[in-house]
Amino acid sequence: MKIAVDAMGGDNAPSAVVEGCLMALNEYHDVKINLYGRTDEINALLSGKTYDSKRLNIIHTEQVITNHEHPVEAIKRKKDSSMVAALQALADEKVDACISAGNTGALLAGAILIVRRSKGIKRPGLAPILPTAAGKGVLVIDAGANADCRPDHLAQFAVMGSIFMEKVMSVKNPKVGLLNIGSEEEKGNELTKAAYPLLQTMPINFKGNCEGREALSGDFDVIVCDGFVGNVLLKNTEGTAAMLFSALKSELKKNFRSKIGAFLCMPALKRLKDRMDYTEYGGAPLLGISKGVIKAHGSSDAKAIKNSIRQARAFVKFGVAERIADVVAQIEAEQIFIEK
């Protein structure tokens, strides 16, 4: 299979992106990569590296979409950008999936305008995977693509998230929770109250409401919410993790005694850090797009890029986009989704 990668997107581009692509080529021998970006910069990074040149194709693009640009305007104005070229290649079926660590809004806008939504999908959802206390990931959908949602949007999110976790992450019968302020069915705002009974009718393993304190417990495999709440959960989780590790590091370096303790605890601390490492899961798929589009974290290092390619590979291999379209069509045929 062939995967398009935006070489110029992300805080550590293009160096981390190029290195991640080389790692993926060495590990996944059925993958070919089209790398879009400024050829001179990419070639300089490839100089002296050992890799299968037959499986790495560099396509020159001059423009770069930055994080400070208006998403839709950037997509329409910068046709020769690495992100737009990668998305266009996907739309033209020159590649099977697309990855970018660049501007999230621009990637979402480009995916909708260029690649298009799957038939029947009302709103695509951004679906990152967060680490949990149980040592496995939980998928949050939506995490920022749609600030305002209807109940039927959340129902589609639940279906798409379940399919992704089952097909790509090999989770059998994923447990789905509706993010809410209480566990009781009647709790929440108008959106969650209306979404709850609708989720009960979906072909998913719906386990009811998920309170914020349960989000990272490992009791759920998919958490459904609107993009405003999901993005707050995502950013709060990242901020809390960074604060805790920073505070722990500061305390362990305070005096000689704590330094000795830190030395003795180092293996356990390393395992904890690895378990909480988002780069293990790759990027966040844009579910509901007709083909595989993966949004890698803006601060992705080479490992995160490599794992995003692994994720895209599984997305294509197991036909996630096609499966989502089939299930949504079946549900619509049964008139389960109701406009509210």
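**Cavity lining, surface patch, salt bridges and backbone geometry**

In the predicted model, the residues that line the largest cavity divide into five nonpolar, five polar and one charged. These lining residues are G9, G10, D11, N12, A13, A16, V17, A101, G298, S300 and I305, and the space that they surround amounts to about 30 Å³. The structure holds one cavity of 30 Å³ or more. Rolling a probe the size of a water molecule over the atoms shows where empty space is left.

One of the lining residues, A13, also takes part in an unusual feature of the backbone, as the peptide bond from A13 to P14 is cis, with omega near 0°. P14 is placed in the loop between β1 (2-6) and α1. A second cis peptide bond is found between I141 and D142, where omega is about 15°, and D142 belongs to the loop between β7 (137-141) and α6 (151-167). Most residues other than glycine have a negative phi, and most peptide bonds are trans. Positive phi values occur in R116, a residue other than glycine, with phi near 85°, and in N173, which is not a glycine either and has a phi of about 50°. Both of these residues lie in loops, R116 in the one between α5 (104-115) and β5 (125-126), and N173 in the one between α6 and β8 (175-180).

Charged side chains were examined next. Side chains of opposite charge can pair when their charged atoms come close. The structure holds 14 salt bridges, among them one in which the side chains of K306 and E27 meet at 3.2 Å, N to O. This pair links distant parts of the chain, with K306 in helix α10 (residues 302-317) and E27 in helix α1 (residues 15-27), 279 residues apart. K306 counts as buried because its relative accessibility, 12%, is under 20%, whereas E27, at 43% relative accessibility, counts as partly exposed. Helix α10 also contains R313, whose partner D30 lies in the loop between α1 and β2 (32-37), so that this pair, 283 residues apart, likewise links distant parts of the chain. The side chains of D30 and R313 meet in a salt bridge at 2.9 Å, N to O, and D30 counts as partly exposed at 35% relative accessibility.

A further salt bridge is formed by E69 with R77, the closest N and O atoms being 2.9 Å apart. Salt bridges that share partners join E69, R77 and K78 into one network. The two members of the E69 and R77 pair fall into separate accessibility classes, since E69 is buried, with a relative accessible area of 15%, while R77 counts as exposed at 52% relative accessibility.

At the surface, F256, I260, F263 and L264 make a nonpolar patch of about 520 Å². F256 is found in helix α9 (residues 256-275), and this residue counts as exposed because its relative accessibility of 66% is over 50%. A284, by contrast, is buried, with a relative accessible area of 8%, and is found in strand β11 (residues 284-287). Although A284 and N103 are 181 residues apart along the chain, their C-alpha atoms are separated by 13 Å.

Notes
Residues are numbered from 1 along each chain as its sequence is written. This is a predicted model: local features need pLDDT of at least 70, side-chain atom pairs count only at pLDDT 80 or more; totals for chains, interfaces and linings use all residues. Side-chain values use heavy atoms; hydrogens and water are left out. On a 1 Å grid over the protein atoms alone, a cavity is a set of points where a 1.4 Å probe fits but cannot get out, and a pocket is an open set with protein on both sides within 12 Å along at least five of seven lines; lining residues have an atom within 4 Å of a point. Grid points are joined across faces, edges and corners, and a volume is the space filled by probe spheres set on the points. Ala, Val, Leu, Ile, Met, Phe, Trp, Tyr, Cys and Pro count as nonpolar, Asp, Glu, Lys and Arg as charged, and the others, Gly among them, as polar. Patches are made of residues with over 30% relative accessible area and no salt bridge: like charges are joined within 9 Å, nonpolar side chains (Val, Leu, Ile, Met, Phe, Trp, Tyr) within 5 Å. Accessible areas come from the Shrake-Rupley method with a 1.4 Å probe; for residues, only the protein chains shown count as cover. A salt bridge is a side-chain nitrogen of Lys or Arg within 4 Å of a carboxyl oxygen of Asp or Glu. Helices (H or I, at least four residues) and strands (E, at least two) are DSSP runs, numbered from the N terminus. Buried means under 20% relative accessible area, exposed over 50%, partly exposed in between (1.4 Å probe, protein chains only).
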